[in-house]
Amino acid sequence: MFPRVGELRGMELGTPGQLRERLSSLVLAGTKTATAGLLAEYRAQQEQLEHVGEREALLGDGGQVLAIIEITRIELVPFAEVSWEFAQAEGEGFTSIEHWAQAHRRYWEREGYTVDDDTEVVCLWLRVIGGADNG
């Protein structure tokens with residue numbers, strides 16, 4: 001989840017294949033301005049949380065840099081307290097916070113994580129600041 005590209009941390013969204021392509025396309029289009037992770041994922045990979053102003057390389061399936069992004073906001077909240085504002089900023093067409101919660105719980109459970117109302121979620125807001133060749 002956190003490869004390095006030179007001095008930048010890499011960000012890979014979702015799982016390889018169609019999901020990563022779709023999510024990355026939404027970021028590149030400016031539709032997806034937020035993404036969620038589990039604190040447990042960071043701990044499992046011994047990674048530090050992002051910080052506001054941090055720049056990262058958005059990576060495609062083959063590890064290619066699609067864009068340079070900047071973290072604009074970060075919140076650590078229990079799963080049950082993720083806001084509708086955040087769910088909408090993910091840009092994936094969720095129709096309610098319940099829809100967001102169902103989709104994310106299923107995804108993380110497929111990835112091997114148990115998710116309950118108290119599970120800590122890392123809510124990241126981001127923006128594209130440069131293309132792959134001009135970051």
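Is Glu 85 buried, partly exposed or exposed? I looked this up first: Glu 85 counts as partly exposed, because its relative accessibility is 43%. I note at the outset that the model is predicted.

**Entry 1. Glu 85 and its partner**

I searched for the salt-bridge partner of Glu 85 and found Arg 73, with the closest N and O atoms 3.0 Å apart. Arg 73 lies in strand 5 and Glu 85 in helix 3, so this pair ties together parts that are twelve residues apart in sequence. I then checked the burial of Arg 73, which is partly exposed at a relative accessible area of 29%.

**Entry 2. The sheet**

I traced the strand order next. Six strands form an open sheet in the order 1-2-4-5-6-3, and the pairing is mixed. Strand 1 and strand 3 (34-38) are the edge strands, each pairing on one side only.

I went through individual pairings from the strand 1 edge. Strand 1 (residues 4-5) and strand 2 (residues 8-11) run antiparallel and are joined by two bridges. Within this pairing I located Val 5 opposite Leu 8 of strand 2. The two strands form a hairpin with two residues between them. In the turn of that hairpin I read a positive phi of about 60 degrees for Gly 6.

Strand 2 also pairs with strand 4 (residues 55-59), here in the parallel sense and over three bridges. I recorded Ala 57 in strand 4 as the bridge partner of Gly 10.

At the other edge, I found strand 3 joined to strand 6 by five bridges, the two strands running antiparallel. Gly 37 stands opposite Val 122 of strand 6.

**Entry 3. Helices on the sheet**

I examined how helix 4 (residues 97-110) is placed. Helix 4 packs on the sheet and touches strand 3 and strand 6. I noted an angle of about 45 degrees between the direction of helix 4 and that of strand 3. Helix 1 packs on the sheet as well, touching strand 4, strand 5 and strand 6. The direction of helix 1 makes about 135 degrees with that of strand 4.

**Entry 4. The two sides of helix 1**

Which residues of helix 1 are buried? For helix 1 (residues 18-28) I listed Arg 20, Leu 23, Ser 24, Leu 26 and Val 27. Viewed down the helix axis, these buried residues fall within an arc of 155 degrees, so they line one face of helix 1. I kept in mind that an α-helix has 3.6 residues a turn, so residues three or four places apart point the same way.

I then asked what covers the buried residues of helix 1. The cover includes strand 4, strand 5 (65-78) and strand 6 (120-131). On the face turned away from the buried side I found the exposed residues Gln 18 and Glu 21. I also looked just past the helix: Gly 30 follows helix 1 and has a positive phi, near 85 degrees.

**Entry 5. Further salt bridges**

How many salt bridges does the model contain? I obtained a count of twelve.

One of them joins Glu 56 to Arg 9, with the closest N and O atoms 3.6 Å apart. Glu 56 lies in strand 4 and Arg 9 in strand 2, so this pair ties together parts that are 47 residues apart in sequence. I checked the accessibility of each partner. Glu 56 is buried, with a relative accessible area of 1%, and Arg 9 counts as buried at 5%. I followed the connections outward and found Arg 9, Glu 47, Glu 54 and Glu 56 linked in a network of salt bridges.

I then turned to Arg 22 and Glu 92, whose side chains meet in a salt bridge at 4.0 Å, N to O. This pair links distant parts of the chain, 70 residues apart: Arg 22 is in helix 1, and Glu 92 is in the loop between helix 3 (84-89) and helix 4. I recorded Arg 22 as partly exposed, because its relative accessibility is 40%.

**Entry 6. Thr 35**

My last query concerned Thr 35, which lies in strand 3. Is Thr 35 buried or exposed? I found Thr 35 buried, with a relative accessible area of 11%. I then listed the contacts of Thr 35, leaving aside neighbours within four places in sequence. The residues in contact with Thr 35 are Met 11, Leu 13, Phe 86, Glu 90, Val 122, Cys 123, Leu 124 and Leu 126.

Key. Residues numbered from 1 in each chain as written. Predicted model: local features only at pLDDT ≥ 70, side-chain atom pairs only at ≥ 80, totals over all residues. Heavy atoms only, no water. Pairing = 2+ DSSP bridges. Helix = DSSP H or I, 4+ residues; strand = E, 2+ residues; numbered from the N terminus. Buried < 20%, exposed > 50% of the residue type's maximum accessible area, 1.4 Å probe, protein only. Arc of directions from axis to C-beta. Contact = heavy atoms within 4.5 Å. Axes fitted to C-alpha atoms, helices over the stretch in contact; angles between N-to-C directions.
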